[in-house]
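Biologist: I should like to go through this structure with you and to hear the reasoning behind each term. Please show it first.

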Amino acid sequence: MSYSIIAAVGRNLELGKNNDLIWKIPEDLKFFRNITNGHTVVMGRNTFDSLPRMLPNRKHIVLSSRDDFPNEVEVYKNIKDLLIKYKDSDEEIFVIGGGSIYSLFLEYCDKLYLTEIDEEDKKASVYFPSFDKNLFNCEVISNNEDNGISYKHVLYSRK
């Protein structure tokens, strides 16, 4: 089993506010779609609720105490049950948010695909967890600018 995180973060690890993304970067959304396409995605209830619709060509898993999700969604009440269910899987599973879900999975992830945005937002309400970058090899996949926003796609691979 292989877990990977994918997220877009500001200079201070800002993720979102008001249950929405802070920055609207169309090319980054394409990057997200290309990386996660055909894979299983894990998220919390708030992230699921923020989606405009089910993400095409992806299996959805939600960690939540609620169980009022569409039948196509696998729901787990805790991370332990999910980890047990997928322990023998050789699939790369993507953790897509939110902040508390990233915190739960960080120690289990082999890769972090981070879009590092060269801006900050002091009104952010959700942050990516701090992590020790010394535990990872770092590879800049691309440097970009979109809508006047500079950002880079970075792959952190656990050493």
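**The two sheets**

Modeller: The model is predicted. One open sheet in it has 3 strands, paired antiparallel in the order β3-β2-β9.

Biologist: Why do β3 and β9 count as the edges of this sheet?

Modeller: β3 (20-21) and β9 (126-127) each have a single partner strand, so one side of each is left without a neighbour in the sheet.

Biologist: How do you know that β2 pairs with β3?

Modeller: Pairing requires at least two bridges between the strands. Strand β2 (residues 14-17) and β3 are joined by 2 bridges in the antiparallel sense, so the pairing criterion of at least two is met. Gly16 has Leu21 of β3 as its bridge partner, and Lys17 stands opposite Asp20 in β3. The two strands form a hairpin with 2 residues between them, and Asn18 in the turn has a positive phi of about 55°.

Biologist: What makes β9 a partner of β2?

Modeller: Here too there are 2 bridges, and the strands run antiparallel. Glu14 has its bridge partner in β9, namely Tyr127.

Biologist: What is the strand order in the sheet of 8 strands?

Modeller: The order is β6-β5-β4-β7-β1-β8-β11-β10; this sheet is open and its pairing is mixed. Its edges are β6 (74-76) and β10 (136-146), since each has a single partner strand and is therefore left with one side lacking a neighbour in the sheet. From one strand to the next, the twist averages 20°.

Biologist: How many bridges support the pairing of β8 with β11?

Modeller: There are 7 bridges between these antiparallel strands; Ile117 stands opposite Tyr151 in β11.

Biologist: What shows that helix α1 packs on the sheet?

Modeller: Helix α1 (residues 26-36) touches β1, β4 (40-44), β7, β8, β10 and β11. The direction of α1 makes about 175° with that of β1; as angles run from 0 to 180 degrees between N-to-C directions, the helix and the strand therefore run in nearly opposite directions.

**Core and surface**

Biologist: What makes a group of residues a nonpolar core, and how many residues does the largest one have?

Modeller: The members must be buried nonpolar residues joined through side-chain atoms within 4.5 Å. The largest such core has 27 residues, and Tyr3, Leu82, Phe105, Leu112 and Phe128 have the most contacts inside it. Elements supplying at least two residues each include β5 (59-63), α3 (79-85) and β11 (149-158), while β1 gives the most, with 4 residues. Among the residues that Tyr3 touches are Leu82, Ile93, Val95 and Phe105. A second, separate core of 14 residues includes Val62, Val73, Ile96 and Leu155.

Biologist: Why is Lys80 called exposed?

Modeller: Lys80, in helix α3, has a relative accessibility of 59%. The cut-off for exposed is over 50%, so Lys80 counts as exposed.

**The largest pocket**

Biologist: What is the volume of the largest pocket, and which residues are closest to its centre?

Modeller: The volume is about 1100 Å³. The pocket is lined by 42 residues, of which Leu21, Thr47, Ser50, Leu51 and Ile96 are the closest to its centre.

Biologist: Which element provides the largest share of the lining?

Modeller: That share, 7 residues, comes from α1. Other elements giving two or more residues include β2, β3, α2 (45-50) and β7.

Technical notes
Residues numbered from 1 in each chain as written. Predicted model: local features only at pLDDT ≥ 70, side-chain atom pairs only at ≥ 80, totals over all residues. Heavy atoms only, no water. Buried < 20%, exposed > 50% of the residue type's maximum accessible area, 1.4 Å probe, protein only. Contact = heavy atoms within 4.5 Å. 1 Å grid on protein atoms, 1.4 Å probe; cavity = no way out; pocket = protein on both sides within 12 Å on 5 of 7 lines; lining within 4 Å. Points joined across faces, edges and corners; volume = space filled by probe spheres on them. Lists of a residue's contacts leave out its neighbours within four places in sequence.
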